Amino acid sequence: AVIRAEEKYLKTYSDVSSGRKIFGMSLGELVTEFIAWRADDVDAGIITKGRLGTIKSQFKHVTNFKSEKLKISELDRNSFYDYGVWRKKNFIGTQSVTIKGEQSTINQMIDYAYRKGYAHFARFEFRKITIKKDQIGRRSVFSLQEYDALWRFMRTYSSKKHCADEALRNERLMIRDAVLIASNSMLRVGELWQLKWSDIVGIETRYDEQENPVNLVTVSVRAEICKTRTSREVVCRGGEYFERLKKRSKYTSANDYIFASSISGDRKSTRLNSSH
């Protein structure tokens, strides 16, 4: 007993010296610390700001599934075993591939806790999820019929008849052009929203086989805004969309964001209120 007490004393002294919580860290505290740690990865160029935003969003579900006040010492390898079932039951329509990504992030967090000495295990066990190939492909791709319906809706959505307020209509026109540019360029949303006017290399008119004019735009996608951290150039149709965005915007300097707030010039939020 004396030997065990001495070992406990030395372990506690070591924890105090290294700044570890001797009375146990809560899940909420761990989430906050883990997110701060991943924020450093943004500064280091390891992950994008968009990825960090996704991680923050994922942990909102984690702290709904388990109380923020729950001590890490009370968790075991099976504490999140039924997380996937809970997500699908409480958030109808959640895709298996989404849950798989969230589970991966949860395990990154507990691995971090294990390395820090907060947890006594490095990985949670989850109920097995089977993802079919067609489920992966359907997450972010419209069918031709869906895209055609969206395109027709946007014409009405941004028309003067259905939006008399000039400022609001300008916002809707920006959203319409963002969708059209995304569909032509295949840029990720995070990449698109971080584009600056300096990233537009040039716009030129070419002619197709029927001698119809086509406005081609060359976009330089900077490494720091790419999910893969690799720069690339994209040449696509839709130069006219960038041209009309520039005509409507007050912020067209090289370092201004293309999708900018009409009031401040700051990068436009991807979250829209109900009036939009």
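**Exercise 1. Work out how the strands are joined, starting from the residue that stands opposite Y207.**

Solution. Y207 faces P213 of β2. Before going on, a word on the ground rules: this is a predicted model in which local features need pLDDT of at least 70 and side-chain atom pairs count only at pLDDT 80 or more, while totals for chains, interfaces and linings use all residues. Numbering starts from 1 along each chain as its sequence is written, and side-chain values use heavy atoms, with hydrogens and water left out.

Step 1: take the two strands. β1 covers residues 200–207 and β2 covers residues 213–221; they pair in the antiparallel sense over seven bridges. Pairing here needs at least two bridges found by DSSP between the strands.

Step 2: look at the turn. Five residues sit between the strands of this hairpin, and E211 has a positive phi near 65 degrees.

Step 3: add the next strand. β2 also pairs with β3 (residues 232–237), in the antiparallel sense and over six bridges. One bridge to check on screen is V219 with V234 in β3.

**Exercise 2. List the elements of the protein in order, from the N terminus on.**

Solution. Step 1: count them. There are ten helices and three strands, both taken as DSSP runs numbered from the N terminus (helices H or I, at least four residues; strands E, at least two).

Step 2: put them in order. The run is α-α-α-α-α-α-α-α-α-β-β-β-α.

**Exercise 3. Describe how α3 packs against α2, α5 and α4.**

Solution. Axes are lines fitted to C-alpha atoms, for helices over the stretch in contact, and angles run from 0 to 180 degrees between N-to-C directions.

Step 1: α2 (residues 27–43) meets α3 (residues 49–65) at about 170 degrees, with the axes 10 Å apart. The two helices are therefore roughly antiparallel; the classes are under 35 degrees for roughly parallel, over 145 for roughly antiparallel, 65 to 115 for roughly perpendicular, and oblique for the rest. Contacts (heavy atoms within 4.5 Å) involve, among others, F34 and I35 on the α2 side and I55 and F59 on the α3 side.

Step 2: α3 and α5 (residues 96–116) pack at about 90 degrees, with axes 10 Å apart. That makes α3 roughly perpendicular to α5. Among the residues that meet are R51 and H61 in α3, and G101 and M109 in α5.

Step 3: the axes of α3 and α4 come within 11 Å and cross at roughly 100 degrees. So α3 is roughly perpendicular to α4. Here Q58, H61, V62, N64 and F65 of α3 touch Y83, W86 and R87 of α4.

**Exercise 4. Decide whether D177 is buried or exposed.**

Solution. Step 1: find the residue. D177 belongs to α8 (residues 166–185).

Step 2: apply the cut-offs. Buried means under 20% relative accessible area, exposed over 50%, and partly exposed in between (1.4 Å probe, protein chains only). D177 comes out at 0%, so D177 is buried.

Step 3: see what D177 touches. Leaving out residues up to four places away in sequence, the list is Y241, R244, L245 and R248.

**Exercise 5. Find where confidence is lowest and where it is highest.**

Solution. Step 1: take the average. The mean pLDDT (the predictor's confidence in each residue, from 0 to 100) is 87, and 89% of the residues reach 70 or more.

Step 2: go by element. α6 (residues 133–137) is lowest with a mean of 57, and α4 (residues 83–90) is highest at 96. Where pLDDT is low, don't read the predicted coordinates in detail.
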